[in-house]
Amino acid sequence: MNWNHILTVYLKELKDSLRDRRTLISMIVIPTLVMPGLMFGVGYIMTKVMKKAREEPTSLVILGGAEAPGVVAALRAEPKFRIVEAKADYRQLVSDKKIRLAVEIPAGFEAALQAGEPKTVTLYHYEGELKSGMGVAAVERFLRDFRERTVTERLTHRGLPVSLVKPFEVKRQNVAPPEKVGGNIIGGIIPYMIIILCFTGAMYPAIDLTAGEKERGTMETLLCSPLRRVNIVLGKFLMVMTASVATMALSLVSMGLSVVAGGSLLGGGRAAAAASSAGAKDAAAGFIPLLDPLGVLGVFAMILPVAILFAAVLLAVALFAKSYKEAQSYVSPLIIVIIMPAVLGMLPGIELTAKTALVPILNLSLVCKEMLSGVWHWPYIALIFGSTTVYAGVALAACVWMFNREDVIFRA
Amino acid sequence: MIAALNLTKIFKDRKRGMIAAVDQVSFTCRPGQIYGLLGANGAGKTTTLRLLATLLQPTRGTATVAGHDVVADPVQVRAHVGFLAASTALYGRLTAREMITYFGRLNGMTDAAIRARLQVLAGELDMDEFLDRRCDKFSTGMKQKTSIARTLIHDPAVMIFDEPTLGLDVMTARAIVRFVRQCRDRGKTVIYSTHVMSEVEKLCDVIGIIHAGRLVAEGTLAELQARYGERDMEEIFVKAVGGEAALAAALNT
Ligand SMILES: Nc1ncnc2c1ncn2[C@@H]1O[C@H](COP(=O)(O)OP(=O)(O)OP(=O)(O)O)[C@@H](O)[C@H]1O
Ligand SMILES: [Mg+2]
């Protein structure tokens, strides 16, 4: 190893790459402009859709309300609801998303209410559909209030206290510090994004510096120089690492900035999404996740051996190809290989164990999730860092070995 | 000085099996001499020169180039060799100056030494006008001149040219030939491969005829003319490889 030689190769590759439009786009333009733009665009549209869905009155059909004029009148009086006359089959209307739901009031409902007989109101809805779900929640809330009013009336009618049916209240209170809540909310997504960015950032330069050089005929020129192959490999490797880390860092910084800048905008969307499941009223305020800076540092430290692994594997694979196109066809399937464990790590239920700590990428995904929510399992962290470093070292050695094989370099 | 001794390179090819691209080739080329390697397509010229430039490792045999063994000390060999072939292209996104400077640095030269040497070479090769333009915009002639300057930046003792005039117009080809001759006159050891008979006649001090990986004849032009009883290089070549039939047979494998 000769650092002078490595540096010479690295600086030349850096200059060369920075003059290449494709590298510039993949390394700088996409991370700084397209990624936040995309995130913003999606966030903005989501917010719009949610806002519209919330403001729009819930359209519903009332089935069999003839014997319950009181309930029907109350439903009609509620401005949140828009009662639609059922011209067609209500099931069809719900399926076609013409209405959000149908409310079936059983025969003799109000009479049964007076008599104290329990009856069932059925809500026909579209499972999993956003607007239908919101409509059902609203109608349920309305009916719950209606029921409670009925109970209260009866109790006061008989001169009994209201606390008779409500002997205690239940209340939720969050005690987790806000940065840990943030870690849990996006702790799964951040490592996933970092892994993908790291890989895609390395992909283009790795091909350009190997198969691309072969295709353009400059590889043989470079090999004429009195450098040992290992120095050439390391110079190129450093360039790929630079691109990979730059892509990741630029993406994260620009996304972080845009989240802070447009936090309120995105916050609205998030809050609405949360509101449909749980009544998270102040989710908007807590959305801009206060990430634990130590956790973020930890994530960056853990990504390093993975970035080395990616760069080395990509260089070795791309070097085997004769042309840019061929290299792309080898490298593209690797994205799936990378995404699978990264996605697995986001799923709930898959936890860090001695076994999962040895699976590259998956282990990173898992440990980052923990670190971002303030959990530091040092033995696992050491195991993951160590094992990934070993994998990265093996990949780099394989890469040097590939460069030394003349049947790879001069593949006919 | 180049001394090849039983240099052999066998390729394993999936379709054609084992190919002896270079088969026990031995020859010597002294400083101040141009050794012409003459052969048809696929004769093994490029492979021989790649072995000398240590881009490939010989299967058997060895060679000493500029005092270093190609098997034992390839790094030192490359440090004293300038290798130019059709397959040694330029970095299109660098300018000619950057390209040449890069190779000067790779050869361990200081920036001051590179600058001084580049000025001399650019003058000799008439490159000043395009020195600071990007190589991907160059004409073939400009590219070839830049490549030559790239091979000469570290002033190597041995020059290896693999068909350097291929695809060039007459004027540029003549300029290159003149330059190769200059290299010899300055005492460099030059090996030059070609399949152009007239170039061999005009340029080379010693001619080696290579056919199917084997060196089938070697000598000065006069010696070869005497041995084969022919004046014309083309006739000598055909006789040396064993007649037109043998030539056609080799080309079809
Ligand atoms: N990397 C390789 N793998 C397999 N076979 C090869 C390889 N390189 C060259 N050959 C074969 O070796 C033989 C000699 O090739 P070489 O390129 O040395 O010939 P050449 O004299 O330079 O021909 P040309 O005039 O076409 O340049 C040919 O049959 C060629 O197909
Ligand atoms: Mg050739």
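## Cavities, a pocket and a shared ligand site

The lining of the second largest cavity is made up of three nonpolar, one polar and four charged residues. That cavity belongs to a predicted model, and the structure holds three cavities of 30 Å³ or more. There is also a ligand to look at: ligand 1 takes up the space of the largest pocket. Here is a tour, starting with the cavities and ending at the ligand.

**The second largest cavity**

- The volume of the second largest cavity is about 40 Å³.
- Its lining consists of Arg117(B), Leu152(B), Asp155(B), Phe179(B), Gln182(B), Cys183(B), Arg186(B) and Lys188(B).
- Helix H6 of chain B, which spans residues 170–185, provides the largest share of this lining, with three residues.

**The largest cavity**

- At about 70 Å³, this is the largest cavity by volume.
- From chain A, the lining includes Cys224(A), Ser225(A) and Pro226(A).
- From chain B, the lining takes in Arg78(B), Val81(B), Gly82(B), Phe83(B), Phe103(B), Asn107(B), Arg150(B), Thr151(B) and His154(B).
- Two elements of chain B, strand E6 (81–84) and helix H5 (140–152), give two or more residues each to the lining of the largest cavity.
- Of these, E6(B) accounts for the largest share, three residues.
- Sorted by class, the lining of the largest cavity has five nonpolar, five polar and two charged residues.

**The largest pocket**

- The largest pocket has a volume of about 1500 Å³, and its space is the one taken by ligand 1.
- A total of 45 residues line the pocket, and those nearest its centre are Ala412(A), Phe11(B), Asp13(B), Arg16(B) and Ile19(B).
- On the chain A side, helix H9 (211–216), helix H10 (218–223) and helix H18 (406–409) each supply at least two lining residues.
- On the chain B side, E1, E2, H1 and helix H10 (243–252) each do so as well.
- The element that gives the most to the pocket lining is E1(B), with five residues.
- The pocket lining comprises 18 nonpolar, twelve polar and 15 charged residues.

**The shell around ligand 1**

- Ligand 1 has 16 residues around it, and the ones that come nearest are Arg16(B), Gly42(B), Lys45(B), Thr46(B) and Thr47(B).
- Why is the site shared between chains? Residues from both chain A and chain B surround ligand 1, so the site is shared between them.
- In chain B, strand E1 (2–13), strand E2 (17–29) and helix H1 (45–52) each contribute at least two residues to the shell.
- H1(B) gives the most to this shell, with three residues, whereas E1(B) gives the most to the lining of the largest pocket.
- The shell is made up of seven nonpolar, five polar and four charged residues.

**Polar contacts and cover of ligand 1**

- Asn41(B) places a polar side-chain atom 3.0 Å from an oxygen atom of ligand 1.
- For Lys45(B), a polar backbone atom lies 2.8 Å from an oxygen atom of the ligand.
- In Thr47(B), an N or O atom of the side chain is 2.5 Å from a ligand oxygen atom.
- On its own, ligand 1 has 630 Å² of accessible area, and the protein covers 75% of that.

Note on methods. Residues are numbered from 1 along each chain as its sequence is written. Chains are lettered from A and ligands numbered from 1 in the order in which they are written. This is a predicted model: local features need pLDDT of at least 70, side-chain atom pairs count only at pLDDT 80 or more; totals for chains, interfaces and linings use all residues. Side-chain values use heavy atoms; hydrogens and water are left out. A residue is near a molecule or strand if one of its heavy atoms lies within 4 Å of it. A polar contact is a pair of N or O atoms within 3.5 Å; within protein, one must be able to donate a hydrogen and the other to accept it, and residues adjacent in sequence count only if both atoms are side-chain atoms. Accessible areas come from the Shrake-Rupley method with a 1.4 Å probe; for residues, only the protein chains shown count as cover. On a 1 Å grid over the protein atoms alone, a cavity is a set of points where a 1.4 Å probe fits but cannot get out, and a pocket is an open set with protein on both sides within 12 Å along at least five of seven lines; lining residues have an atom within 4 Å of a point. A molecule sits in a cavity or pocket if more than half of its atoms lie within 2 Å of its grid points. Helices (H or I, at least four residues) and strands (E, at least two) are DSSP runs, numbered from the N terminus. Ala, Val, Leu, Ile, Met, Phe, Trp, Tyr, Cys and Pro count as nonpolar, Asp, Glu, Lys and Arg as charged, and the others, Gly among them, as polar. Grid points are joined across faces, edges and corners, and a volume is the space filled by probe spheres set on the points.
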